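Here are some notes to read with the structure open beside you. Take them one point at a time and find each residue as you go.

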Amino acid sequence: MSAQQRTEGVHAMCDNETNASGNAEGNANLNAIAVFGEALVDDFITEQVVGGAPFNMARHLAAFGVPTLMITRVGQDKNGALVRAEFERYGMPQTGLQTDPTEATGRVVVERGADGHRFIILADQAYDYIETEAALAALQATDPGVLYFGTLAQRNPASRGALRALLAASPAKRFLDLNVRDGQVVERSVFESLHQADIVKVNEEELQALFDWYTHDRPGTADATSPALHAACSRLLRIFSLEGLIVTLGPRGAIHFGADGVMTASLVSHAPLRVVDTVGAGDAFSAVYLHGRAQGWPLALMLARANAFAGAICGISGAVPQSMDFYQPWLARWQAGADALAVS
């Protein structure tokens, strides 16, 4: 079976799920998701692996059958061809994919060492120069229900300006995946992004950074259901007028704090028996959460299924699977209404 046939099969399964859910309301665009940000290549010298948090997330969404618009920019080079090949492998439209005539495709140099990997995020890459008018045209043609964005692609005024224009032009729900990177993201960008968002996802370290910047409380996350943590997160919700704040806890699960004061937790471990790497686990979580939100899953189920899928990604090498067959059991399970199961 070809990659295209596998992709079409995955899309067909998810189409059936959407039709059965009754949430499409006759307008496919209500379930469409626009993703803004970096598509890049992790350069291990001996091999190049396509990545970038937004692109990881977008590829999962496409595999789930979600109409996905990826707005990014690549160069006219071999790495750009690798990115385009992933658009094709996942059956994603390239209407939001821009080509820069001078700047190189985004690249992160990965140096292996005795103490682990060192990541060098290069400056002045194609995704730093996303062009506003082309991005707006692609967004307006899609008219998505959700607009996902992060912070790395905002480090340059050009792409930051394009994102601001998209946010101003679209009534879509705004989902911010903070993804703070040392030396790449300044507090001012985080502050502005939080004010633009409706729903925010952070990990434990990023949450502590938000506490340091914006509150006088710095509760730990060892007890994810503690009143002190709930109070501090509620304060962030009020400061930035957020609808929801999601905190991922790695193998310990995730917790959602709502503006209505309700805290929803999924604290069952879904770590695989053997962790290969944790690259892209947060992106996998975001993809399932947004897919489930479009399908109308209950919040607790969204969190549980997102945790389970993120755990499965930790059991493979890299942020996305090499074969599209990886997605089929998950879609079948969700379509059948099965509960999220532990990953083996």
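1. Start with helix α6, residues 187–196, bearing in mind that this is a predicted model. Its buried residues are S189, V190, S193 and L194. They span an arc of only 130° around the axis, which means they sit on the same side of α6. What do the buried residues of α6 pack against? Their partners are β8 (146–149), α5 (157–169), β9 (173–177), β10 (199–203) and α7 (204–214).

2. Next, have a look at strands β4 (residues 68–75) and β5 (residues 97–100). They pair in the parallel sense, with 4 bridges. If you want one pair to check by eye, V74 has T99 in β5 as its bridge partner. To get from β4 to β5 the chain passes through helix α3 (residues 78–89), and this β-α-β crossover is right-handed.

3. Now for strand β12, residues 254–258. Is it enclosed or open? Here 5 of the 5 residues are buried, so β12 is largely enclosed by the rest of the structure. In a regular strand, side chains alternate between the two faces of the sheet. For β12 both faces are covered: A254, H256 and G258 are buried on one side, and I255 and F257 on the other.

4. Who are the neighbours of β12 in the pairing? Strand β11 (residues 244–248) pairs with β12 in the antiparallel sense over 5 bridges, and L245 has F257 as its bridge partner in β12. β12 and β13 also run antiparallel, joined by 4 bridges. There, F257 stands opposite M263 in β13, so follow F257 if you want to step from L245 across to M263.

5. Don't skip the turns. The hairpin of β11 and β12 has 5 residues between the strands, and G250 takes a positive phi near 65° there. In the hairpin of β12 and β13, with 4 residues between the strands, G261 takes a positive phi near 90°.

6. One residue of β13 (residues 263–266) deserves a stop: S266. Is S266 buried or exposed? With a relative accessible area of 8%, S266 counts as buried, because the cut-off for buried is under 20%. Leaving aside residues up to four places away in sequence, S266 touches R252, G253, A254, L303, A304 and N307.

7. Finally, the empty spaces. The structure holds 2 cavities of 30 Å³ or more, and the largest has a volume of about 60 Å³. That largest cavity is lined by 13 residues, with E38, G150, T151, L152 and A153 lying nearest its centre.

Terms used. Residues are numbered from 1 along each chain as its sequence is written. This is a predicted model: local features need pLDDT of at least 70, side-chain atom pairs count only at pLDDT 80 or more; totals for chains, interfaces and linings use all residues. Side-chain values use heavy atoms; hydrogens and water are left out. Buried means under 20% relative accessible area, exposed over 50%, partly exposed in between (1.4 Å probe, protein chains only). Helices (H or I, at least four residues) and strands (E, at least two) are DSSP runs, numbered from the N terminus. The arc is that of the directions from the helix axis to the C-beta atoms. Contact means heavy atoms within 4.5 Å. Two strands pair if DSSP finds at least two bridges between them. A crossover is right-handed if, with the strands pointing away from the viewer, the path from the first strand over the helix to the second runs clockwise. On a 1 Å grid over the protein atoms alone, a cavity is a set of points where a 1.4 Å probe fits but cannot get out, and a pocket is an open set with protein on both sides within 12 Å along at least five of seven lines; lining residues have an atom within 4 Å of a point. Grid points are joined across faces, edges and corners, and a volume is the space filled by probe spheres set on the points.
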